[in-house]
Amino acid sequence: MSGAVIIGAGPGIGQAVARRFAREGYPIALVARGDETLRAAARAVEPGGVPVLTVAADCADEVALRAALDRAVAEFGLPDVVVYNAAIVQADAPGELPARAHLAAWAVNVVGAHTAAAHLAPEMARRGSGSILITGGMPEPKWQYTSLSLGKAGVRALVRILDQRYGAAGVHAAGVTVDGPVAPGTDFDPDDIAEHYWRLHGQPRHRWEHEVLHTARPAPTGVLAGLLDAWQRAFERHRPADMAALFSPDALFQGITPDLRRGRGEIAAYYGDVAEGTTARVGVLGEVRLSERLVSGFAEVTFTAPTGEVRRVRLSIVAENREDAWLIRQYHAAAL
């Protein structure tokens, strides 16, 4: 593999995406304007143990950005994936910014992405593979963020143009639209958002998506909804120990394999074997309160593998309240 180039490698999404691809063994080229930002990003990627290149460049400077991309190609070869995450995020209403400030925002929010794609996509097309993934936002324009709304509309159009021009040659252009403020531990946790980039890059051509919308999850209602919401978060971050902690110490567990498992250790081992990048979407079908301490119910889960393969599963669950905490006491999955 030739690696991943992350343009706009600041804290938040940029670093999270770099970490995500580094975990898969990709050499990482980090591009950002400031040296301190690059040093912090490099430190964040270090646990992955992969080669890392840092290059300082202003995304609005076409010559500097092209030179940075040439350095990445010289170091690691033509990248497998380019992620453009640079943006100027500022509050401004119509008429508040002078034309020069709008042009400066447009240069970073849109033109820099176009420069990167125009520089690398033709060679990706000749090779017959590659991903160009652009961070979007503002699924609906907001007048309080006029320049950003205009820029994100431009990014959405750019993704479509790139697909029209290079998609048939094997270049996957897509956007990840983030509908909220990015912050760890929230519905907009950067590690959760980074999973979209990894999944998009791994999609086979016949399953390509060109836009993924990351939104806040509806607040769970009911015992099982709360448990399965936490289960889904841990599952998509590939954290087997966190998932096992949602089960009682002596829980009975029947997954989609025939082996019956008991206890947190065996449950963690089961989830540890799931391919990283697999996503899960959960819907509770109903629950019944059996007693003050027991709840039973059913849910459906749609699993999507990194390859795009989809599997639907029906869950039967019994939850038990132990010391004022609800835990899964019995879990059974059946393929639909």
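Tutor: Contact here means heavy atoms within 4.5 Å. Keep that in mind as we read this predicted model.

Student: Happy to! What covers the buried residues of α5?

Tutor: The cover includes α4, β5 (130-137) and β6. Helix α5 spans residues 146-166 and reaches 30 Å from its first C-alpha to its last, close to the 30 Å expected at 1.5 Å a residue.

Student: Which residues of α5 are buried?

Tutor: A general idea helps: an α-helix has 3.6 residues a turn, so residues three or four places apart point the same way. In α5, the buried residues include L148, G151, V155, L158, L162 and Y166.

Student: How do I read a nonpolar core?

Tutor: In soluble globular proteins, nonpolar side chains tend to be buried together. Here the largest nonpolar core has 35 residues, and I132 and L162 are among those with the most contacts inside it. Helix α4 (residues 99-127) gives this core its largest share, nine residues. A second, separate core has 31 residues, including I6, V17, I28 and W198.

Student: What does I132 touch, leaving out residues up to four places away in sequence?

Tutor: Its partners include A117, A121 and M124, along with L162, V171 and A173.

Student: And how do β6 and β7 run relative to each other, parallel or antiparallel?

Tutor: They run parallel, joined by four bridges, and G175 stands opposite E211 in β7. Together with helix α6 (residues 190-202), the two strands make a left-handed β-α-β unit.

Student: Which residues of β7 lie on its covered face?

Tutor: V212 and H214 do, while E211 and L213 form the uncovered face.

Key:
Residues numbered from 1 in each chain as written. Predicted model: local features only at pLDDT ≥ 70, side-chain atom pairs only at ≥ 80, totals over all residues. Heavy atoms only, no water. Buried < 20%, exposed > 50% of the residue type's maximum accessible area, 1.4 Å probe, protein only. Pairing = 2+ DSSP bridges. Right-handed = clockwise from strand over helix to strand, strands pointing away. Core = buried A, V, L, I, M, F, W, Y, C linked by side-chain atoms within 4.5 Å. Expected span 1.5 Å × (residues − 1).
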